[in-house]
Amino acid sequence: MSQNYTSESFQVFKTKDGSNSIQNIVLGDTYHSVHGAFQESQHVFIENGLKLGFYNNKKSLNILELGFGSGLNALLTLNNCDSQMHAVRYVTLEKFPIPKELANKLDYHLLSGLNNYLEDFQVLHECEWNKFVLISKFFEFKKVLIDFNEYTPDSTFDIIYHDAFAPQTHEEAWNEEFLRKCHSWLNQGGFLITYCAKGDFKRTLKACGFEVETLKGPIGKREITRAFRQPL
Ligand SMILES: C[S@@+](CC[C@H](N)C(=O)[O-])C[C@H]1O[C@@H](n2cnc3c(N)ncnc32)[C@H](O)[C@@H]1O
């Protein structure tokens with residue numbers, strides 16, 4: 001993937017549910033579904049990720065996100081932690097951060113339930129890299145400026161939000177070598193959640209030792225995938 005992006009390489013566009021997303025013009029790929037950025041993030045990562053993580057009365061979760069991008073998944077997770085009083089330690093990896101001016105055009109604080117979150121959203125984008133920051137009483141956050149393939153975690157995770165570009169754009173984020181790493185980064189019983197439901201991808205997950213579950217997708221997408229590292 002090209003590393004010479006400029007602010008002209010990105011543009012904000014409106015998706016069908018009224019929420020904004022970003023297109024990487026060089027790659028021709030979008031950060032969310034054109035059917036709705038908000039509804040996709042909420043359905044995939046919050047409803048089928050975060051909420052299952054807390055289902056068994058867990059007091060706190062360690063989450064790893066692959067691709068910080070617009071910051072929407074992080075913001076929705078923060079909002080959910082605050083409203084449910086659930087604690088999360090959130091690590092997110094990003095190699096190609098978007099320019100600050102672009103983040104300011106996303107207007108996610110105008111989405112339902114997020115009107116108090118403009119400042120927090122700015123902090124998510126502007127805080128120091130590679131350092132935990134306490135965003136709220138319930139949400140500790142660290143952005144790591146790194147290529148997914150060069151990352152070595154210093155802790156394990158309960159959930160991985162796998163939100164890389166699609167396999168046809170970014171094959172290395174979905175191949176067996178990388179998914180084996182994801183498996184090793186999860187706690188026993190932890191899981192990876194993603195919008196992708198391709199047959200090849202699910203076969204690779206199984207080959208890496210994951211127990212794979214196919215779930216109903218958000219509007220505009222038939223299915224999504226959740227994959228568990230089996231408990232001992
Ligand atoms: C589909 S976008 C999703 C981003 C984000 N979760 C969101 O809600 O906006 C994928 C993200 O992965 C990032 N990315 C692409 N290749 C990467 C790599 N090799 N290492 C780290 N991040 C990468 C992109 O810059 C982009 O921000």
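Ala103 sits in helix α3, which covers residues 100-103. This is a predicted model, and in it Ala103 is buried, with 20 other C-beta atoms within 10 Å. A residue counts as buried at 20 or more such neighbours. Leaving aside residues up to four places away in sequence, Ala103 touches Gly71, Ile98 and His125. His43 is a useful contrast: Ala103 and His43 are 60 residues apart in sequence, and their C-alpha atoms are 22 Å apart in space.

Now to the ligand. Which residues come nearest to it? Of the 19 residues around the ligand, these are Gly67, Gly69, Ser70, Lys95 and Asp163. Two elements give two or more residues to this shell, namely α2 (72-84) and β5 (87-94). If you like to think in terms of residue classes, the shell has 9 nonpolar, 6 polar and 4 charged residues.

Helix α2 also matters for the core. The largest nonpolar core has 55 residues, and Ile63, Leu75, Ile159 and Ile160 touch the most other members. The largest share of this core, 6 residues, comes from α2. Leu75 touches Tyr108, Leu114, Tyr117, Phe121 and Leu124, again not counting residues up to four places away in sequence.

Next come the strands. Why can strand β8 be called largely enclosed by the rest of the structure? In β8 (residues 157-162), 6 of the 6 residues are buried, so the strand is largely enclosed. Strand β4 (residues 60-66) is joined to β8 by 4 bridges, and the two run parallel. Within this pair, Ile63 stands opposite Ile159 in β8. Ile63 and Ile159 are also among the core residues that touch the most other members. Strand β9 (residues 186-194) pairs with β8 as well, in the parallel sense and over 5 bridges. There, His162 has Thr194 in β9 as its bridge partner. To get from β8 to β9 the chain passes through helix α5 (residues 176-185), and this β-α-β crossover is right-handed.

A further sheet has antiparallel pairing: it is open, has 3 strands and follows the order β1-β2-β3. Its edge strands are β1 (10-14) and β3 (29-30), each of which pairs on one side only. Strand β2 (residues 20-24) is joined to β1 by 5 bridges, and these two run antiparallel. Phe10, for example, has Asn24 in β2 as its bridge partner. As background, strands of a sheet pair through backbone hydrogen bonds, either parallel or antiparallel.

Finally, here are two backbone angles to look at. Most residues other than glycine have a negative phi. Met85 has a positive value, and so does Asn130. The table sets out where each of them is found and how many neighbours it has.

| Residue | Phi | Loop | C-beta neighbours within 10 Å |
|---|---|---|---|
| Met85 | near 55° | between α2 and β5 | 8 other C-beta atoms |
| Asn130 | near 60° | between α4 (118-126) and β6 (133-136) | 9 C-beta neighbours |

Are these residues buried or exposed? Met85 is exposed, with 8 other C-beta atoms within 10 Å, and Asn130 counts as exposed with 9 C-beta neighbours inside 10 Å. The cut-off behind both calls is 12 or fewer neighbours. The loop that holds Met85 lies between α2 and β5, the elements that give two or more residues to the shell around the ligand.

Technical notes:
Residues are numbered from 1 along each chain as its sequence is written. This is a predicted model: local features need pLDDT of at least 70, side-chain atom pairs count only at pLDDT 80 or more; totals for chains, interfaces and linings use all residues. A residue is near a molecule or strand if its C-beta atom, placed from the backbone, lies within 6 Å of it. Ala, Val, Leu, Ile, Met, Phe, Trp, Tyr, Cys and Pro count as nonpolar, Asp, Glu, Lys and Arg as charged, and the others, Gly among them, as polar. Two strands pair if DSSP finds at least two bridges between them. A nonpolar core is a set of buried Ala, Val, Leu, Ile, Met, Phe, Trp, Tyr and Cys residues joined through C-beta atoms within 7 Å. Two residues are in contact if their C-beta atoms, placed from the backbone, lie within 7 Å. A crossover is right-handed if, with the strands pointing away from the viewer, the path from the first strand over the helix to the second runs clockwise.
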